[in-house]
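Q: Got a minute to go through this model with me? I'd like to start with a salt bridge and work outward.

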2 protein chains.
Amino acid sequence: MPSPLRNGNGTRNRHLDLFVSTVSERKIRRLNYLLLLFRLASFSFSLASAVFTLSNSSPSRSQLDFLSFRLLFAANAIVAVYSLFQMGAASWEIIKGPTLLPESAQLWFDFSHDQVFAYLVLGAGVAGAAETGRQRLTQGPICQGDGESYCIQADISVALGFAGFLFLALATLASGFRLVCFLATGSRFPM
Amino acid sequence: MPSPLRNGNGTRNRHLDLFVSTVSERKIRRLNYLLLLFRLASFSFSLASAVFTLSNSSPSRSQLDFLSFRLLFAANAIVAVYSLFQMGAASWEIIKGPTLLPESAQLWFDFSHDQVFAYLVLGAGVAGAAETGRQRLTQGPICQGDGESYCIQADISVALGFAGFLFLALATLASGFRLVCFLATGSRFPM
């Protein structure tokens, strides 16, 4: 039963909808910039950690001789590659608007991989930290004289891995927030 | 400008609202049962892991002599106490309806603590696993003869810690979902 009143109402609603969707879009865009920032930081730290681990050796040993440090290297290399891919996807989204994969698939992919890789890189960081502590405490002579710089570089590679984990954990929060907003309301960032 | 049509419309909306809020309530209740289940499992496994670590000793050594195992014990004890408290809070919510703390505070508290404790207990589990592996590989005689049962019990305590982590991670997903739903829509479980 159409009437002028209803039509007027409809127009107002259309304006409201447009306003809501504009605000929503701006917030999605801001969240995307934040995610891109977290991924950039996570990429940088993980790559640095992997490079430090790979290149560290003293005359008597290389850091990759130890299982825990090999795990640290592998986890950080994986996270660096993953973050690089995600930086590409986030840039695509910021430039083009829609997500690279279909929206729902992309949101699930982002959050699940973020979560799993955050656990992986945290575990590798702890294993690396335990190994550096053990080498310092129980095998004193390693860290003296020539070995001093080896031990310091090993500490740095572990610390860089934790920094990468921190930013990946922040990215997990942001992508989890996006995913649940989408599931609950059908939009990645409701008003 | 009230009219019969509008009134009728309003009544239908009221019925719809009531229906939506009933369905919503049932879903919140189901999510609460799921959370209670995860917390019960996480409590059981963490407590078992802490007790196993505490009680494990061979004639020549106790498991708590090692820093990594002390970390494993502390993290699992903390998670067991936390899970016990959360089981109380979840039961209260299921019986009484509203949350124990004010709703928003409770949701933030749940998710943030779940997330942090999940990272903590995962880190401790990895440190414990690295230590059991090291004792087995580099100090062969520990795990032979009398030490055999010591090493097996150490493995079990680490495995129980990981099982506790798994259920805490599931609880984190559920409490994170609740929190973001609440932030995005104002209800812990929108239709």
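A: Sure. Keep in mind that this is a predicted model. R134(B) and E131(B) are three residues apart in helix α3 of chain B, so about one helical turn separates them. Their side chains meet in a salt bridge, at 2.8 Å from N to O.

Q: Are R134(B) and E131(B) buried or exposed?

A: R134(B) counts as buried because its relative accessible area is 18%, and the cut-off for buried is under 20%. E131(B) is buried too, at 9% relative accessibility.

Q: How many salt bridges are there over all chains?

A: Searching the whole structure gives ten. One of them pairs R178(A) with E93(A), where the closest N and O atoms are 3.1 Å apart. That pair links distant parts of the chain: R178(A) is in helix α4 of chain A and E93(A) in helix α2 of chain A, 85 residues apart.

Q: And where do those two sit, buried or exposed?

A: Both R178(A) and E93(A) are buried. They also belong to a network of salt bridges that links them with D110(A).

Q: What does D155(A) form a salt bridge with?

A: With R136(A), and the closest N and O atoms there are 2.6 Å apart. D155(A) is in helix α4 of chain A and R136(A) in helix α3 of chain A, 19 residues apart. D155(A) has a relative accessible area of 29%, so it is partly exposed. R136(A) counts as partly exposed as well, at 35%.

Q: Let's switch to the interface. How many salt bridges are there between chain A and chain B?

A: Zero. The count of residue pairs in polar contact between chain A and chain B is also zero, taking pairs with both residues at pLDDT 80 or more.

Q: So what does the side of chain A that touches chain B consist of?

A: Its residues divide into 15 nonpolar, four polar and two charged. Helices α1 (4-55), α3 and α4 of chain A each supply at least two residues of that side. The contact takes 21 residues from chain A and 21 from chain B.

Q: How much area do chain A and chain B bury between them?

A: About 1900 Å², with 75% of it on carbon and sulfur atoms.

Q: Which residues have the most contacts inside the largest nonpolar core?

A: F69, Y119 and F165 of both chain A and chain B, along with L168(B). The core has 46 residues. Helices α2 (67-96), α3 (103-138) and α4 (147-185) of chain A and of chain B each supply at least two of its residues. There's also a second, separate core of six residues, with A184(A), V180(B), C181(B) and A184(B) among them.

Q: What is F165(A) in contact with, beyond its neighbours within four places in sequence?

A: A118(A), V121(A) and L122(A), plus Y119(B) from the other chain.

Q: One more residue: where is L72(B)?

A: In helix α2 of chain B. L72(B) counts as buried because its relative accessibility is 0%. Leaving aside neighbours within four places, its contacts are S49(B), T53(B), A124(B), G125(B), S157(B) and V158(B). L72(B) and V126(B) are 54 residues apart in sequence, yet 8.8 Å apart in space, C-alpha to C-alpha.

Q: Last thing, what pattern does chain A follow along the sequence?

A: It reads α-α-α-α, with four helices and zero strands. Of the 191 residues of chain A, 45% count as buried.

How values were computed
Residues are numbered from 1 along each chain as its sequence is written. Chains are lettered from A and ligands numbered from 1 in the order in which they are written. This is a predicted model: local features need pLDDT of at least 70, side-chain atom pairs count only at pLDDT 80 or more; totals for chains, interfaces and linings use all residues. Side-chain values use heavy atoms; hydrogens and water are left out. A nonpolar core is a set of buried Ala, Val, Leu, Ile, Met, Phe, Trp, Tyr and Cys residues joined through side-chain atoms within 4.5 Å. Buried means under 20% relative accessible area, exposed over 50%, partly exposed in between (1.4 Å probe, protein chains only). Contact means heavy atoms within 4.5 Å. Buried area is the accessible area (1.4 Å probe) that two parts lose on being put together, summed over both. A salt bridge is a side-chain nitrogen of Lys or Arg within 4 Å of a carboxyl oxygen of Asp or Glu. A polar contact is a pair of N or O atoms within 3.5 Å; within protein, one must be able to donate a hydrogen and the other to accept it, and residues adjacent in sequence count only if both atoms are side-chain atoms. Ala, Val, Leu, Ile, Met, Phe, Trp, Tyr, Cys and Pro count as nonpolar, Asp, Glu, Lys and Arg as charged, and the others, Gly among them, as polar.
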